[in-house]
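Here are a few notes to read alongside the model, for someone meeting it fresh. They begin with one pair of helices and work outwards from there.

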Amino acid sequence: GEDLHATLLAHRALPAGARRLLFLGNSQQYTCSLPRGAKAREHPARLASDLFGQRVNSLVPGTVAVYNASAPNQTFVEALWQAIYWFRFAADRPWAIVIQSSFDTYRKTGMRAGFQSLLGHPGFDAEVHRFVADSRRPYLHEFQAARREFDARRGEAAESPRYGWTPEGSLREGLEALPLYRRRQKVKASFLQTLYLVRVLAFGISPTTRRHIGGQPLEQNFAALEDILRLARSGGARTFIYSAPVNPAVSMFYEEEYA
């Protein structure tokens, strides 16, 4: 996810006769939550997406090739962003998609820089613009913010002598000699991570702390999930949604909301 465009361009082509089975979800595709105070027991583990693909291929050999497009904390808005690429630009468009619906996902917002890198793919920006032409979509501002941030970074990277001398360009060139300036993006990320950890410690938050889920994030993510389904069905793909299981010993949500 640090450079999603490069990652997707590098994925292996489909074996002859196989069809693409795409999984979309978050870190629960790879991990599970432990009860407070419990310790993880080391043992070989296999991903559900791999087991699923192997089961299908055991019934009808060579039927599917699985691609797990999950990412830690991936929201449905980010998953929709990926789905636009898969169904509009990928050479091996999915035959079916399996979507992990984790209740925790519905409280998160934002579009990471690594996901924004897809705007560098020819035609993707125009497709995103067309896709959100309906200004009533609740996640519209998330797409707009992603495009603004990507354009700002691309504009900064484009500063070079071929555009002639400018005070800002000269200043940037001079600052590049400073190690701290060259590491500015990492420093910013580290600072934001520190703020997050301070908040976690100050309020005693843990992965198992109960949290309310609702409001605008819930609305955005549900709308994005609906549009993933529309996009997949318009592309002729079968769609399956499953409610990701939660460890019964971990009470992460308020029961009336989770129900």
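1. Start with α3 and α10. This is a predicted model, and in it the axes of α3 and α10 come within 8 Å and cross at roughly 15°. An angle under 35 degrees counts as roughly parallel, so α3 is roughly parallel to α10. The crossing of this pair is left-handed.

2. Who makes that contact? On the α3 side you'll find F76, V77, A79, L80, A83, I84, F87 and R88, and facing them from α10 are Q220, N221, A224, L225, D227, I228, L231, A232 and S234. Sorted by character, the residues in the contact of α3 with α10 come out as 12 nonpolar, 3 polar and 2 charged.

3. Now look at α3 against another helix, α6. Helix α3 covers residues 76-88 and α6 covers residues 140-157; the two pack at an angle of about 65°, and their axes are 11 Å apart. Since 65 to 115 degrees is the range for roughly perpendicular, α3 is roughly perpendicular to α6. Here the crossing is right-handed.

4. The α3 and α6 contact uses V77, L80, W81 and I84 from α3, met by E142, F143 and A146 from α6. By character, that contact splits into 6 nonpolar residues, no polar ones and 1 charged. If you're picking residues to click on, V77, L80 and I84 of α3 appear in this contact and also in the one with α10.

5. Which element gives the largest share of the largest nonpolar core? That would be α3, with 10 residues. The core has 46 residues in total, and the ones with the most contacts inside it are L80, W81, W86, Y139, F143 and I228. Elements giving two or more residues to this core are α1 (4-9), β1 (19-24), α3, β3 (96-101), α5 (124-131), α6 and α10 (215-234). Apart from this core lies another one, of 5 residues, including L21, V64, A96 and V98.

6. W86 deserves a look of its own. Leaving out residues up to four places away in sequence, W86 touches L8, H11, R20, L22, Y67, A69, D92, R93 and P94. W86 is also one of the residues with the most contacts inside the largest core.

7. Next, a backbone oddity to check: N73 has a positive phi of about 60°, although N73 is not a glycine. You'll find N73 in the loop between β2 (64-68) and α3. Is N73 buried or partly exposed? N73 is partly exposed, because its relative accessible area is 43%, which falls between the 20% limit for buried and the 50% limit for exposed.

8. Then there's the start of the chain. G1 sits in the segment before α1, and with 60% relative accessibility G1 counts as exposed. G1 and Q74 are 73 residues apart in sequence, yet their C-alpha atoms are 9.6 Å apart in space. Setting aside neighbours within four places in sequence, G1 is in contact with G114 and F115.

9. Finally, the whole chain. How many helices and strands are there in the chain? There are 11 helices and 4 strands. Of the 259 residues, 37% are buried. Among contacts between residues at least 6 apart in sequence, 83% join residues at least 24 apart.

Methods
Residues are numbered from 1 along each chain as its sequence is written. This is a predicted model: local features need pLDDT of at least 70, side-chain atom pairs count only at pLDDT 80 or more; totals for chains, interfaces and linings use all residues. Side-chain values use heavy atoms; hydrogens and water are left out. Axes are lines fitted to C-alpha atoms, for helices over the stretch in contact, and angles run from 0 to 180 degrees between N-to-C directions. Angles under 35 degrees count as roughly parallel, over 145 as roughly antiparallel, 65 to 115 as roughly perpendicular and the rest as oblique. A crossing is left-handed if the near helix is turned anticlockwise from the far one by less than a right angle, and right-handed if clockwise. Contact means heavy atoms within 4.5 Å. Ala, Val, Leu, Ile, Met, Phe, Trp, Tyr, Cys and Pro count as nonpolar, Asp, Glu, Lys and Arg as charged, and the others, Gly among them, as polar. A nonpolar core is a set of buried Ala, Val, Leu, Ile, Met, Phe, Trp, Tyr and Cys residues joined through side-chain atoms within 4.5 Å. Buried means under 20% relative accessible area, exposed over 50%, partly exposed in between (1.4 Å probe, protein chains only).
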